[in-house]
Amino acid sequence: MQYDHILIRYGELGLKGKNIRTFLIKLQQNIQQSLITYPDVKVKRTQGRLFVILNGHDPDPIIDICKNIFGIYSLSLAVKVKNDEREIRETVLKMMSKETENKTFKIKAKRANKDFPIRSLELNRSIGGDILKNVPHLKVDVHHPDIEVVIDIRAEGTYILTEIIYGPGGLPVGSSGKSLLMLSGGIDSPVAGYVMMKRGVKLEMIHFHSPPFTSERAKQKVLDLTKKLTKYNYHIKVHLVPFTEAQQLIFKHYPKRYGMTIMRRVMMKISEAICQQENILSITTGESLGQVASQTMESMNVINEVTNLPVLRPLIAMDKEEIVDISKQIDTYDISIQPYEDCCTVFVPKSPVIKPQRKRVILIEKDYDLTEAIKTAIEETKIIKISHTNDEAIDELL
Amino acid sequence: MIYLDNSATTKPDPSVLDTFNKVSMKFFGNPSSLHSLGAESERFFKKVRQQVAELLTCQEKEVVFTSGGTESNNLAIKGVANYYKKRGNHIITSEVEHPSVYEACKQLENSGFNVTYLPVNNKGIIELNELEQAITKETILVSIMHVNNEIGSIQPIEEIAKILKKHKSILFHTDAVQSFSKLKIPLKDVDLLSISGHKINGLKGTGFLYVKSGVQIDPLFSGGEQEFNLRSGTENLAGAASLARAMRLALNKLTRANQIDDLKQILIESLQNIEDVKITTPKESAPHIIHLSVPGIKPETMIHALAQRDIYVSTQSACSSKSADISRVLLACGYETEMAKSGIRVSLSYETTKEEIKVFIDVLQEEIEKIQEMLR
């Protein structure tokens with residue numbers, strides 16, 4: 001007996017009424033995309049259920065991949081047999097004979113195919129009896145069993161499954177629209193991206209770099225972080241904004257203490273313009289309340305003033321420790337802590353304004369017109385596409 | 001040409017050489033340079049290390065690139081000895097090690113270390129109880145090779161590891177230069193393990209030492225602290241990349257190891273039919289090495305006679321065959337001096353064919369007869 005299927009359960013997705021089909025197709029596509037290095041493993045959708053068909057593959061690496069796909073609530077390895085009582089009975093017995101410890105079990109037959117001649121209850125009792133007879137260290141417990149054997153009798157065949165492995169839940173990436181993530185290279189922004197993706201959001205990245213003040217390695221860091229996130233969002237566009245000129249002008253023409261606030265406003269304006277170009281409906285940031293000068297209520301109020309796009313801040317109420325935990329879990333922490341200058345750390349004034357006021361900032365901005373510099377930055381923005389599949393040019397060498 | 005000296009070195013795979021060329025040109029920047037060329041090289045180097053780690057199923061920080069087997073062995077042995085000399089001054093190795101282990105230990109003896117050279121039985125294998133008896137409170141390192149380079153005997157690495165588990169402060173190094181891609185590598189059993197590129201269709205000057213996470217060693221070279229400060233010197237990026245590729249290709253072949261073993265069996269059966277040939281390879285040994293001797297004929301004569309017919313085999317270890325004519329390894333296995341002088345090593349590769357083996361046997365037989373005729 002060998003497991004040949006993985007049954008995918010999608011929990012919350014089931015609540016989506018008529019949209020369910022679109023969600024399911026998305027989930028199916030995402031699973032297929034995640035398993036792209038296993039071309040003979042297929043994902044099948046039948047009557048609102050999803051199956052991964054292993055075609056002889058070792059299930060363990062496939063399960064490891066599926067455990068990280070948003071929209072999957074849980075999964076189970078399954079064996080598919082014919083709708084034949086003897087075959088079902090023998091398969092269940094073989095599966096249970098592998099158990100070596102004292103455990104309790106329960107048989108739960110489900111007869112979606114009413115043509116099957118034996119009723120569920122009857123099947124439960126007789127197969128349960130078989131196991132009790134043949135595997136003496138197993139006992140029945142119908143309320144809290146260690147092992148629940150599900151016998152799912154359907155038109156196309158019967159699926160037999162035991163263990164339940166939990167997935168991450170959430171919604172399939174791409175089912176909730178697109179957001180532009182402001183990716184600095186720090187710990188927070190990739191976590192913000194991860195949390196949004198879990199909610200089905202597809203991402204594009206925007207990164208501001210200021211050569212020669214920021215290095216090639218700082219840029220590479222952002223691309224490496226993006227690469228980590230392609231595990232969930234398979235192809236990501238990174239918009240690299242050349243920010244040196246604008247940044248220099250800001251710190252030359254405005255009071256130093258307001259440099260940070262105005263820089264953030266400019267970044268927000270540029271982000272909005274990129275959103276318009278790319279048909280993106282919102283901006284996501286990794287801001288967390290009170291963490292640094294630009295993340296006070298006053299700062300956010302002033303910075304947000306330049307755009308009327310929704311600015312999503314999924315980490316706003318999280319503690320740093322919680323954020324660090326997630327970043328370690330998604331493997332971005334070690335990249336984030338590499339000590340390269342980014343554009344936010346380059347021109348930091350000694351004492352930035354922590355509680356800026358809208359009126360005052362608007363007044364200050366009138367001293368110098370940045371429109372041209374902003375326009376140039378947008379025009380010269382480069383797009384780098386990062387994909388979850390390996391870098392072919394390099395793989396060819398190795 | 002019939003090349004049967006694959007334990008001395010192998011012919012590079014053309015695609016490995018291609019990788020070396022391309023990487024040399026494309027990533028010539030120094031990975032430690034701050035500018036973008038350096039960053040590109042650094043990033044590529046990371047990929048290379050990642051691939052090697054994946055192939056070995058170890059962590060990236062456990063891979064230390066070196067210039068090959070000899071350096072890896074020296075780094076492991078002297079590195080451990082120097083780092084842990086306050087803990088103890090006793091090292092255990094065997095009488096049949098490769099010169100880069102054996103001589104490294106000899107050198108350490110000159111600087112105050114005590115070394116036990118374990119004897120081997122007639123199959124070339126150490127006795128486990130002798131290892132146990134040799135262990136003292138002063139012992140800091142045991143270095144026992146995986147596959148012997150002259151006769152192909154396989155040492156019981158797993159059993160040795162079991163014994164050493166009882167002695168937490170003793171580190172275990174194995175020289176796996178001859179076994180990589182021919183046998184499963186006992187990485188989980190050891191603390192340090194040496195690999196060389198040119199024995200697996202890679203390039204000369206490439207190799208690495210596996211250093212288990214948590215194990216400390218002293219570097220051999222002082223300098224720019226590359227390779228986690230274990231091997232200073234500008235990274236040989238092209239060499240490392242060629243090694244990563246050679247390893248990938250070699251491990252793909254591991255599933256065909258029984259194919260070489262089949263050839264070896266054919267070879268052994270045919271050799272048994274030649275009257276004057278004695279087979280000195282133990283029965284259970286690595287699939288690619290066959291050691292034989294033709295008593296009465298100097299191996300040198302035999303090698304040259306075969307070379308004239310475009311067939312290439314070796315006397316003992318290529319590394320020591322020029323200096324001494326008596327094999328230390330064969331003597332250790334209990335052979336008479338006469339036999340130890342007349343050893344010939346035939347080593348196969350995944351490219352060796354049945355036809356080549358057949359031709360080799362025929363030519364060997366002819367040449368033995370010819371030489372004996374002349375000597376008469």
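## Where chain B meets chain A

Put chain B and chain A together and they bury about 1,400 Å² between them, with 53% of that on carbon and sulfur atoms. On the chain B side, B:Arg43, B:Phe44 and B:Lys47 lose the most area to chain A, together accounting for 35% of what that side buries. Keep in mind that this is a predicted model.

The contact draws 23 residues from chain B and 10 residues from chain A.

Now for the polar side of things. Between chain B and chain A there are nine residue pairs in polar contact, both partners at pLDDT 80 or more. Three helices of chain B, listed below, each supply at least two residues of the side that touches chain A.

| Helix of chain B | Residue range |
|---|---|
| H1 | 14–26 |
| H2 | 36–56 |
| H8 | 237–253 |

H2(B) brings the largest share of the side of chain B that touches chain A, at 10 residues. Sorted by class, that side of chain B has nine nonpolar, seven polar and seven charged residues.

As for salt bridges, the count between the two chains is one. The side chains of B:Glu42 and A:Arg217 meet in a salt bridge, at 2.8 Å from N to O.

A quick word on the cysteines. There are zero disulfides in the structure over all chains. A:Cys275 counts as buried because its relative accessibility is 1%, under the 20% cut-off. B:Cys105 is also buried, since its relative accessibility is 0%.

Conventions:
Residues are numbered from 1 along each chain as its sequence is written. Chains are lettered from A and ligands numbered from 1 in the order in which they are written. This is a predicted model: local features need pLDDT of at least 70, side-chain atom pairs count only at pLDDT 80 or more; totals for chains, interfaces and linings use all residues. Side-chain values use heavy atoms; hydrogens and water are left out. Contact means heavy atoms within 4.5 Å. Buried area is the accessible area (1.4 Å probe) that two parts lose on being put together, summed over both. A salt bridge is a side-chain nitrogen of Lys or Arg within 4 Å of a carboxyl oxygen of Asp or Glu. A polar contact is a pair of N or O atoms within 3.5 Å; within protein, one must be able to donate a hydrogen and the other to accept it, and residues adjacent in sequence count only if both atoms are side-chain atoms. Helices (H or I, at least four residues) and strands (E, at least two) are DSSP runs, numbered from the N terminus. Ala, Val, Leu, Ile, Met, Phe, Trp, Tyr, Cys and Pro count as nonpolar, Asp, Glu, Lys and Arg as charged, and the others, Gly among them, as polar. A disulfide is a pair of cysteine sulfur atoms within 2.5 Å. Buried means under 20% relative accessible area, exposed over 50%, partly exposed in between (1.4 Å probe, protein chains only).
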